[in-house]
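Here are my notes on this model, set out as numbered points. I hope they help as you look through the coordinates.

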Number of protein chains: 2
Amino acid sequence: MAATIKDVARLAGVSPSTVSRVLNQKGVISDETKQKIASAMEQLKYVPNDIARSFANGSAHAISLVIDISDGTAYANNFFNNTVFGIETAAHQNDYNLIITNGAAAFGGISSVERLIAGKKVDGVVLPISLVTDELLRRIEDLSVPCVILGRSEEVGAEANWVDINNVQAGRRAVRLLLERGYKKIAFLSDGDGEVFNQDRIAGYRRELAANHLPVPNGGILHGLPTVESGMDCVRVLLQDDDAPDAVICSDDRLALGALRAAHQLGLRVPEQFGIISCDNTPLTELAETPITSVDVDTFALGVQAAQILIEQIEDPQTSLRQILLSTKLIERASTMRETREETEAIHI
Amino acid sequence: MAATIKDVARLAGVSPSTVSRVLNQKGVISDETKQKIASAMEQLKYVPNDIARSFANGSAHAISLVIDISDGTAYANNFFNNTVFGIETAAHQNDYNLIITNGAAAFGGISSVERLIAGKKVDGVVLPISLVTDELLRRIEDLSVPCVILGRSEEVGAEANWVDINNVQAGRRAVRLLLERGYKKIAFLSDGDGEVFNQDRIAGYRRELAANHLPVPNGGILHGLPTVESGMDCVRVLLQDDDAPDAVICSDDRLALGALRAAHQLGLRVPEQFGIISCDNTPLTELAETPITSVDVDTFALGVQAAQILIEQIEDPQTSLRQILLSTKLIERASTMRETREETEAIHI
DNA sequence: TTTATTTATGCAACCGTTTGCCTAATGCCA
DNA sequence: TGGCATTAGGCAAACGGTTGCATAAATAAA
């Protein structure tokens with residue numbers, strides 16, 4: 001049997017409360033007593049029973065990350081990994097454990113998340129936006145544990161804690177890089193429609209064009225699917241035009257790969273005649289036939305931030321809601337690395 | 001404040017023990033009493049305090065997955081995701097929670113895994129082979145909680161529970177497919193050296209060749225790195241030979257991609273003149289210029305198995321150790337899909 | 001010296017469930 | 001109708017900590 005606080009107390013010749021106090025650094029304890037207790041703990045190889053602790057002070061010192069197994073995005077790329085690692089790292093630093101639970105699963109009448117909270121096993125939850133519903137948010141609120149959302153939606157706005165990627169900025173940066181490289185007419189291929197992250201990127205794209213006094217090309221924003229085929233189709237359509245775009249920003253790596261291949265098929269050289277930027281920076285872009293410039297997101301940091309603001313809220317429920325936008329980084333690769341000479345020439349015409 | 005079992009008892013006019021008994025389906029309780037208790041629970045929206053429960057019966061009903069943040073493999077591909085999802089799913093089905101913890105992290109003197117176990121927060125652990133040391137295994141043994149390893153090493157052998165991929169079978173199957181497609185001389189590109197999974201694949205490769213009375217080609221087993229460049233280099237070397245291989249099995253998707261590109265550069269048509277099989281089935285193979293045939297592993301099932309045998313051991317510590325090898329599946333794509341006609345021709349010569 | 005204050009520690013209740021043991025009520029048989 | 005099983009449920013201790021309150025010893029102030 002493992003040693004308990006009482007065993008330690010007995011061996012050290014003090015009371016359990018004293019041991020507890022040195023363990024938690026509460027109250028004033030003489031150095032001598034501390035010494036005796038320390039050596040007793042040492043001798044008995046004492047490790048506190050964290051369950052008993054959680055029970056006594058009513059908090060599990062754990063947070064939960066709810067996962068969406070049905071979410072193909074998380075499933076297929078490594079967004080999930082790094083975010084989990086980030087959350088775990090930050091949680092650990094604050095002495096919290098991380099419990100993973102499936103958002104879809106239910107436990108008799110109530111969802112497993114609610115059970116986890118109501119059962120006092122966790123003090124807070126981080127929730128991917130794909131699982132957020134008003135209903136769920138309200139229930140969590142009722143159980144009065146804090147919550148932070150990964151990503152955001154229009155509805156959530158400033159009514160919740162969230163961390164998200166600054167997609168507007170990403171869109172602007174992509175446009176800016178293409179303009180710097182001398183591309184004149186930039187299209188945008190989106191892998192979806194209504195999602196906030198796509199809307200944001202498109203907004204950034206529009207804004208940066210506007211800031212440079214450039215119009216959004218006619219039919220320059222296409223909505224496709226996250227597949228190579230869709231990327232090829234879109235680019236074929238784009239390039240039918242006489243005055244076709246000479247660069248494209250894709251909101252998905254498969255789209256971008258399709259764009260690259262369609263351009264090659266149509267005999268365009270990338271990057272010389274056609275520039276491509278993608279958004280997810282999976283290995284697909286780095287290892288494409290022509291490596292593709294991509295927006296990179298530090299998903300580890302995303303997780304760290306999420307866990308940190310969650311724990312802040314747990315430790316001080318008065319803390320006001322927080323929303324955090326993470327900057328992105330543009331990793332330039334061959335697909336946009338052309339000499340800007342062409343630009344100069346073009347201007348001369 | 002949340003309702004406790006005492007509140008329920010009071011409202012139902014029974015004692016807490018009776019409520020506990022219906023909750024745990026122990027002892028004999030009349031239907032009438034059950035009814036009263038059920039409606040009291042309903043009315044009070046009672047949810048058991050799982051921490052108090054764990055405390056009372058000395059088991060957290062949780063397992064831990066130890067992760068290796070430094071492991072580039074897990075970090076970069078989606079092996080990790082699916083395995084976690086599988087573990088979570090199986091754990092949940094058995095009413096266990098899943099706690100993720102970083103294998104490298106430490107908590108004062110002891111590692112976070114040990115703390116989790118000694119602190120009674122988990123009843124068992126699943127451990128990636130990359131983190132396994134004799135030392136760690138011994139310590140876990142001392143704490144007398146069961147453990148299952150993801151993957152295996154020579155040292156571990158039959159001395160522990162593990163689930164692993166049947167890499168020998170994968171190697172054999174890859175060879176068999178290539179032979180069926182009429183390839184005559186098959187090389188093997190490994191992305192490493194000593195790892196058991198590479199050794200196994202190579203063993204399978206050798207065995208299947210032997211079973212077909214074929215020799216391992218001279219210099220037919222190359223050890224490279226998990227990069228596209230290394231794949232290109234290896235294939236260039238291989239193809240210098242007059243009597244060069246006409247197919248290659250790669251133990252990594254980047255190697256395979258490199259192989260594909262080198263073949264193209266050297267003017268070989270894939271699959272007609274050169275066949276390629278890879279082993280990880282990441283999107284890289286599916287979306288390569290020529291989609292690459294790949295060994296697919298059901299990492300979700302791997303997680304499920306791991307969790308299941310772990311929980312078996314937890315619930316019945318007498319259960320003997322178990323080792324499970326999971327079958328792989330060969331997903332055939334363009335890189336090997338050639339008419340076997342060529343084979344016939346070749347035979348006619 | 002006496003009294004007030006500070007410092008260091010002990011006592012015991014409490015957190016919410018579980019469970020071994022005991023008892024009251026019911027049913028059965030002789 | 002008394003005695004013995006059986007059934008249904010209550011009592012109270014236990015799980016391992018934490019913490020408010022009380023107190024003894026040591027020190028400072030009067």
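1. Two strands pair if DSSP finds at least two bridges between them, and helices (H or I, at least four residues) and strands (E, at least two) are DSSP runs numbered from the N terminus. With that in hand, look at strand β2 (residues 97-102) of chain A: 3 bridges join it to β2(B), and the two run antiparallel. Within this pairing, Ile99(A) stands opposite Ile99(B).

2. A word on conventions. This is a predicted model, in which local features need pLDDT of at least 70, side-chain atom pairs count only at pLDDT 80 or more, and totals for chains, interfaces and linings use all residues. Residues are numbered from 1 along each chain as its sequence is written, chains are lettered from A and ligands numbered from 1 in the order in which they are written, and side-chain values use heavy atoms, with hydrogens and water left out.

3. Now the protein-protein interface. Chain A and chain B each bring 55 residues to the contact (heavy atoms within 4.5 Å). About 4700 Å² is buried between them, with carbon and sulfur atoms giving 62%; buried area here is the accessible area (1.4 Å probe) that two parts lose on being put together, summed over both.

4. Which residue of chain B forms a salt bridge with Asp50(A)? The partner is Arg115(B), with the closest N and O atoms 2.8 Å apart. The rule (a side-chain nitrogen of Lys or Arg within 4 Å of a carboxyl oxygen of Asp or Glu) finds 2 salt bridges across this interface.

5. On the side of chain B that touches chain A, several elements each supply at least two residues, including α5 (72-76), α7 (112-118) and α12 (253-265). The largest share, 8 residues, comes from α6(B).

6. Finally, the DNA. Strand C is surrounded by 27 residues (a heavy atom within 4 Å), and Thr18(A), Val28(A), Thr33(A), Ile5(B) and Lys26(B) are the closest. Of the strand C atoms within 4 Å of the protein, 58% belong to sugar or phosphate and the rest to bases.

7. Three side chains of chain B deserve a look. Ser20(B) has a side-chain N or O atom 2.7 Å from a phosphate oxygen of strand C, and a polar side-chain atom of Asn24(B) lies 3.1 Å from a phosphate oxygen. For Arg21(B), a polar side-chain atom lies 3.4 Å from a base oxygen. Among the elements giving two or more residues to the surface near strand C are α2 (16-24) and α4 (50-57) of both chains.

Note on methods:
Polar contact = N/O pair within 3.5 Å; in protein donor to acceptor, adjacent residues only side chain to side chain.
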